[in-house]
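This report describes a multichain model in terms of its nonpolar core, one of its sheets and the global descriptors of one chain.

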Amino acid sequence: MSGDTDRVEVTVGEWPDDADSDEGVVVNWFTREGASVTEGESLCEVQIEKVSLDVLAPADGTLVEVVCGEDDEFARGDTLAWVSPA
Amino acid sequence: MAQKEHSKVIERELTMSRAMVEAIAHEMRENEEVFYMGEDVADYGGIFDSTQGLLDEFGYDRIMDVPISETAYLGAAVGAAQEGMRPIAELMFVDFFGVAMDQIYNQMAKNTYMSGGNVSVPLVLTAAVGGTYNDAAQHSQTLYGTFAHVPGLKVVVPSTAYDAKGLMHNAIRDDDPVMYMFHKRLMGIGWLPAPDGPKTPVPEEDYTIPFGSADVKREGDDVTIVTLGLHVHRALEAAESLADDGVSAEVVDLRSLVPLDTDTVVESVEKTGNLVVVDEDYRSFGVTGEIVASVAEENLGALDNVERLAIPDVPIPYSRPLENEVVPDVADIEAAVERTQ
Amino acid sequence: MVSVSELQEMYVDMVTARHYEERLQEEYLEGKQPAFDISAGPIPGELHLAAGHEAAAAGVCQHLRDDDAVTATHRPHHVAIAKGVDLERMTAEIFGRETGLGKGKGGHMHLFDPDVNFACSGIIAEGCPPAAGAGLAAKKRNTDSVAVAYLGEGAIDQGAFLESLNFAAVHDLPVVFVIEDNDWAISMPKDRVTDVENGAQRAGGFDMPGVRVDHDDAVAIYDAAKEAIGRARDRNGPTLIEVQVHRRMGHFMGDPESYRPEEDQEAAAERDSIARLEADLQSHGVDEETIEELRDDAHERVEDAIDFAKDQPEPDPSAAHEDMFVNPPSGVTDTEPEYDLAGGDD
């Protein structure tokens with residue numbers, strides 16, 4: 001983890017069981033930086049191999065930084081964004 | 001643009017498919033008589049994500065997978081609608097219309113008229129349309145003109161998530177048959193990347209966009225580009241680049257072909273004097289000719305120059321350079337606009 | 001009884017088709033990883049591969065001549081290979097090249113090779129009526145050619161199929177309808193779309209023989225097809241055959257198959273008609289070395305076809321406007337005869 005105590009990372013929770021690849025791509029962001037988010041709301045959609053997954057907000061708060069933009073590739077465990085809890 | 005009418009700032013953005021699904025889910029919660037039938041719409045969630053997640057909430061009885069029998073299930077949708085239910089039936093690809101054409105052209109479209117208005121067919125027929133991904137002649141058509149041609153069908157073509165949701169609410173609540181034609185390239189599917197533009201802020205509550213209200217997606221003074229579906233975004237990109245050259249283009253998104261908002265188009269042409277119609281359907285006997293003729297009938301004198309861009313009357317070829325040749329792109333639109341200046 | 005040389009021919013068709021699909025899968029995924037963009041890479045668009053279907057092609061087409069017509073489906077490669085379609089030009093078509101079967105206009109679901117009377121269609125069951133038409137032509141011309149229409153088990157609920165069965169039956173046409181039952185119509189298992197146990201039962205409603213081959217054993221399919229095609233050639237009317245096959249590569253490349261139980265995928269992977277045919281060959285005294293040689297040659301032919309295709313030029317964009325009509329747009333003749341027609345003015 002980041003050691004950053006006042007913000008929570010947004011990351012792919014459960015990597016698909018049947019995926020051989022450790023890489024994915026961010027397909028769509030549904031929230032922009034600075035927007036308020038609710039825990040469990042879908043923040044973005046990623047594609048891992050052929051499977052699409054929604055990545056959910058880890059806490060109520062504000063989406064303070066998008067690390068991995070649309071069409072960006074990321075690896076398993078990477079931080080996609082940061083949420084600053086309310 | 002219509003979004004500006006809302007006083008509250010909408011932060012949440014949705015893809016077109018999610019906006020469509022949200023409207024369908026809302027209507028299904030409100031009205032038990034709404035149900036969805038189609039091929040691979042339940043477990044798969046729609047090949048183009050048109051029903052993603054609906055099975056979980058509504059179950060197999062209301063999100064119905066059907067046999068590959070379009071005549072039967074589209075016809076059954078007509079019958080259920082005539083009984084007063086509000087079915088939504090999906091053609092996986094609009095190209096598959098042919099196997100069920102009688103039910104669409106001779107039953108769904110005509111029963112209201114033939115009954116002297118005594119029978120209504122409150123049915124939404126959704127269909128994935130469009131090319132640009134090399135799926136060749138039997139899986140890439142839009143066929144806008146085919147369905148707008150026969151009297152009796154309302155024809156809707158969203159280009160953004162905001163429009164998709166409002167038009168879907170309106171379609172399901174409409175008492176007449178509505179063809180809801182969604183472009184695959186705009187849905188925001190991971191494996192078929194959308195251009196920038198169709199993903200928009202979308203209010204969480206329900207709202208309707210009336211049919212027959214074209215939307216001026218960009219204002220301009222020198223030329224009117226009239227288009228729909230995917231080509232709204234190509235036209236906007238062309239307009240952006242034309243602006244650098246000092247040409248101010250207005251982009252009119254028709255949003256529905258039936259009813260057709262001729263007034264908005266004519267008003268725009270009266271301002272700019274130049275009309276470019278861009279369509280992803282075949283050129284002859286289609287949308288481009290219809291728009292030009294409608295403007296000419298209303299105000300021939302307003303037309304200084306007219307250009308039509310469409311599929312040049314060939315089936316859509318498979319190979320990438322061939323498909324790129326026949327589907328109008330941004331450069332083609334810019335060139336057509338330049339010819340009017 | 002099937003001869004050893006016929007077994008070998010079927011084996012070659014099947015290993016060619018299997019390797020072809022495996023290699024196309026590799027080529028197709030180029031440029032589509034890690035993000036799967038269907039329009040990217042050397043082979044764009046949908047790609048429906050037939051790994052697991054090979055026996056249904058080899059066992060039937062073994063009995064066919066070049067003049068016999070075959071209509072295949074959106075999943076056509078294995079049938080095309082067994083029918084003897086020019087492999088290089090077919091591959092060039094799939095790569096969208098100028099020298100492809102359709103000059104890059106058709107693509108993988110729309111392959112036409114008139115030299116061996118092969119065609120296919122991307123629309124479910126729509127190859128059935130043209131196959132009936134080929135049978136009708138053979139009957140009218142009094143030849144002994146036959147026609148074979150392929151379809152999937154998901155297509156047996158489609159009007160084009162049912163109407164064609166009746167048309168072929170009532171006119172005693174030399175047509176064989178071959179259902180490849182791979183259990184899945186995209187995401188739909190067959191028990192959710194039809195109440196009959198198998199597609200061959202559809203034949204009963206049309207007073208036509210219906211045969212079900214319960215496993216994708218090339219020899220069993222060969223035997224069933226031999227009888228059906230013989231019946232057609234002898235002008236004793238049509239037959240419906242259903243063959244169990246297996247879908248090993250999803251409905252199309254990019255299909256996540258998340259709707260499909262893992263056991264089912266595993267079962268499809270385990271059943272291998274090619275291994276079974278190898279055992280048949282061995283029991284007929286063909287040694288392992290010979291089998292290996294047949295397989296290597298087949299693989300080499302596939303590699304050659306793919307190399308050929310990739311070497312071919314892409315079509316010139318202007319070609320998109322050609323080939324709309326065989327006759328010039330104005331018609332067969334460009335002059336209208338002059339007649340003095342009476343009563344034109346009343």
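The sections below treat chain A, then the sheet of chain C, then the core.

The model is predicted, so local features need pLDDT of at least 70 and side-chain atom pairs count only at pLDDT 80 or more, while totals for chains, interfaces and linings use all residues. Residues are numbered from 1 along each chain as its sequence is written, and chains are lettered from A and ligands numbered from 1 in the order in which they are written.

**Chain A**

Chain A contains zero helices and eight strands, where helices (H or I, at least four residues) and strands (E, at least two) are DSSP runs numbered from the N terminus. Its global descriptors are tabulated here.

| Descriptor of chain A | Value |
|---|---|
| Radius of gyration over C-alpha atoms | 12 Å |
| Span of the C-alpha trace along the principal axes | about 35 × 25 × 20 Å |
| Residues counted as buried | 35% of 86 residues |
| Share of contacts (separation of 6 or more) between residues 24 or more positions apart | 56% |

The radius of gyration of chain A agrees with the value near 12 Å for a compact globule of 86 residues; the globule rule is 2.2 Å times the number of residues to the power 0.38. A residue is buried if 20 or more other C-beta atoms, placed from the backbone, lie within 10 Å of its own. Two residues are in contact if their C-beta atoms, likewise placed, lie within 7 Å.

**The sheet of chain C**

In chain C, six strands form an open, parallel sheet in the order β2-β1-β3-β4-β8-β7; strands pair if DSSP finds at least two bridges between them. Strands β2 (118-120) and β7 (210-213) of chain C each have a single partner strand, so one side of each is left without a neighbour in the sheet. Neighbouring strands of this sheet are turned by 20° against each other on average, direction ignored. Strand β7(C) pairs with β8 (residues 239-244) of chain C over four parallel bridges, and Val211(C) has Ile241(C) as its bridge partner in β8(C).

**The nonpolar core**

The largest nonpolar core has 239 residues; such a core is a set of buried Ala, Val, Leu, Ile, Met, Phe, Trp, Tyr and Cys residues joined through C-beta atoms within 7 Å. Ile241(C) is among the residues with the most contacts inside this core, as are Ile225(B) and Met181(B). Helix α1 (residues 4-29) of chain C gives the most to the core, with nine residues. Beyond its neighbours within four places in sequence, Ile225(B) contacts residues including Ala235(B), Val251(B), Val276(B) and Ile333(B).

Notes:
Buried ≥ 20, exposed ≤ 12 C-beta atoms within 10 Å, placed from the backbone. Axes fitted to C-alpha atoms, helices over the stretch in contact; angles between N-to-C directions.
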